Amino acid sequence: MRINDHTERNIIDLFRLEGRRVLITGGNKGLGRVMAEALAEAGADVAIVSRTLADCQTAAAEIARSTGRRTAAFRADMTIAADIERLRSEIEADFGPIDILVNNAGINIRGAIQDLQESDWDAVIDANVKGPFLCARAFGMGMIARGWGRVINLGSIFSVISMAGRTPYASSKAAIGGLTRTLALEWATKGVTVNSICPGPFATDMNRQLLNDPVKYQDFVARIPMGRWGDLHEIAGVVVFLASDAASYVTGTELFVDGGWTAQ
Ligand SMILES: NC(=O)c1ccc[n+]([C@@H]2O[C@H](COP(=O)([O-])OP(=O)(O)OC[C@H]3O[C@@H](n4cnc5c(N)ncnc54)[C@H](OP(=O)(O)O)[C@@H]3O)[C@@H](O)[C@H]2O)c1
């Protein structure tokens, strides 16, 4: 099949990311690690950042080996504005300008509201909302100047539904919906799209508590129409799509990867 536009590119070619540079926050493990590898397999060069440089270096080296792409590792804390500014300078000097930003780093602190501290609220909101805001601001300006860019935020099913014991997390992920829609509108004519991926439950460190509790694990399974948790690789195609030219007319939206949970 031919795409009937000026590029005359085959449909599969629209998904290719050769010549693009990605920054993925929290790309050293969990969903971020899988997405980092997928983006490199699709042809992008990939920079990984988290608070743990050694883990980022290991992931970057493994991904370079398995995909043949150029990778790089950086250390920064997404809750600290000065760290993000330093990161932007380091990346632009050592890796190059970023075309695709994946705001994936995040945390969850669970508990009934009366058991949560103000510091719990601040920690979750800072990592899950302030970090993506600061990163989008730091890297989006370069995308606008070059006329092409992608910002992909990690929301959650908790962007639109919730469960007891999730006040900071669900509030933070709902805010990601607002951040995504607002930036999409600000940048709609600039060649920069902004979308979120909203996963259901995947077996990562973030869900260790649930994975280690058979009752809670089964409670989740019972809520999922497909009757199972997501396999980590099932996030890969979604991020490549949103990062690519195949998604050129997709902006301001939330793409749910949840086995049907939020369809109910
Ligand atoms: N797993 C799920 O079921 C699920 C469902 C819905 C949404 N999500 C979202 O998907 C994203 C990834 O989740 P995951 O399950 O893969 O989590 P994970 O395995 O716990 O990984 C979290 C990542 O974020 C990084 N990180 C956390 N705080 C940071 C900070 N202040 N600065 C820089 N990096 C930071 C961590 O690296 P360091 O510790 O080295 O800094 C780590 O790489 C999150 O936004 C999460 O909310 C996950």
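The questions and answers below go through a predicted model of a protein with a ligand and give the reasoning behind the words used for its parts.

Q: What makes the protein as compact as a globular protein of its length?
A: The protein contains 8 helices and 7 strands. Its radius of gyration is 18 Å, which is close to the 18 Å that the globule rule gives for 264 residues, and therefore the protein is as compact as a globular protein of that length. Along the principal axes, its C-alpha trace spans about 55 × 45 × 40 Å. Buried residues account for 42% of the 264 residues, and of the contacts with a separation of 6 or more, 71% join residues that are 24 or more positions apart.

Q: Why is helix 1 described as largely enclosed by the rest of the structure?
A: Of the 12 residues of helix 1, 11 are buried, so the helix is largely enclosed by the rest of the structure. Among these buried residues are Gly30, Arg33, Met35, Glu37 and Leu39. After helix 1 comes Gly43, which has a positive phi, near 120 degrees.

Q: How do you know that the span of helix 1 agrees with its number of residues?
A: The expected span is 1.5 Å times one less than the number of residues, so the 12 residues of helix 1 (residues 30-41) should span 16 Å, and the end C-alpha atoms are 17 Å apart, which agrees. Helix 5, with 20 residues, reaches 29 Å from its first C-alpha to its last, close to the expected 28 Å.

Q: Why is Gly27 called buried?
A: A residue counts as buried if 20 or more other C-beta atoms lie within 10 Å of its own, and Gly27 has 32 C-beta neighbours inside 10 Å, so Gly27 counts as buried. Gly27 sits in the loop between strand 1 (21-25) and helix 1. Beyond its neighbours within four places in sequence, Gly27 is in contact with Gly32, Arg33, Ala36, Ile48, Ala59 and Asn104.

Q: Which residues have the most contacts inside the largest nonpolar core?
A: That core has 63 residues, and those with the most contacts inside it are Met35, Leu39, Val46, Ile48 and Val239. Ile48, when residues up to four places away in sequence are not counted, touches several residues, including Ile24, Gly27, Ala36, Cys56 and Ala73.

Q: Which residues are the closest to the ligand, and which helix gives the most to the shell around it?
A: The ligand is surrounded by 28 residues, of which the closest are Gly26, Gly30, Arg51, Gly106 and Thr204. Helix 1 gives the most to this shell, with 3 residues. By class, the shell has 10 nonpolar, 13 polar and 5 charged residues.

Q: What makes Pro168 a buried residue?
A: The cut-off for a buried residue is 20 or more other C-beta atoms within 10 Å, and Pro168 has 23 C-beta neighbours inside 10 Å, so Pro168 counts as buried. Pro168 belongs to helix 5 (residues 167-186), and, leaving aside its neighbours within four places in sequence, Pro168 is in contact with Ile109, Leu116, Asp120, Trp121, Val124 and Ile125. The buried residues of helix 5 also include Tyr169, Lys173, Ile176 and Leu183. Together, the buried residues of this helix pack against helix 4 (118-146), strand 5 (149-154), strand 6 (192-199) and strand 7 (254-257).

Q: Why is Thr189 called exposed?
A: A residue is exposed if 12 or fewer other C-beta atoms lie within 10 Å of its own, and Thr189 has 8 within 10 Å, so Thr189 is exposed. Thr189 is found in the loop between helix 5 and strand 6. The C-alpha atoms of Thr189 and Gly147 are separated by 9.2 Å, although these residues are 42 residues apart along the chain.

Q: Why is Glu92 called partly exposed?
A: Partly exposed residues fall in between, since 20 or more neighbours would make a residue buried and 12 or fewer would make it exposed; Glu92 has 13 other C-beta atoms within 10 Å and is therefore partly exposed. Glu92 lies in helix 3 (residues 81-94). From Glu92 to Pro199 the distance is 30 Å, C-alpha to C-alpha, and the two are 107 residues apart in sequence.

How values were computed:
Residues are numbered from 1 along each chain as its sequence is written. This is a predicted model: local features need pLDDT of at least 70, side-chain atom pairs count only at pLDDT 80 or more; totals for chains, interfaces and linings use all residues. Helices (H or I, at least four residues) and strands (E, at least two) are DSSP runs, numbered from the N terminus. A residue is near a molecule or strand if its C-beta atom, placed from the backbone, lies within 6 Å of it. Ala, Val, Leu, Ile, Met, Phe, Trp, Tyr, Cys and Pro count as nonpolar, Asp, Glu, Lys and Arg as charged, and the others, Gly among them, as polar. Two residues are in contact if their C-beta atoms, placed from the backbone, lie within 7 Å. A nonpolar core is a set of buried Ala, Val, Leu, Ile, Met, Phe, Trp, Tyr and Cys residues joined through C-beta atoms within 7 Å. The radius of gyration is taken over C-alpha atoms; the globule rule is 2.2 Å times the number of residues to the power 0.38.
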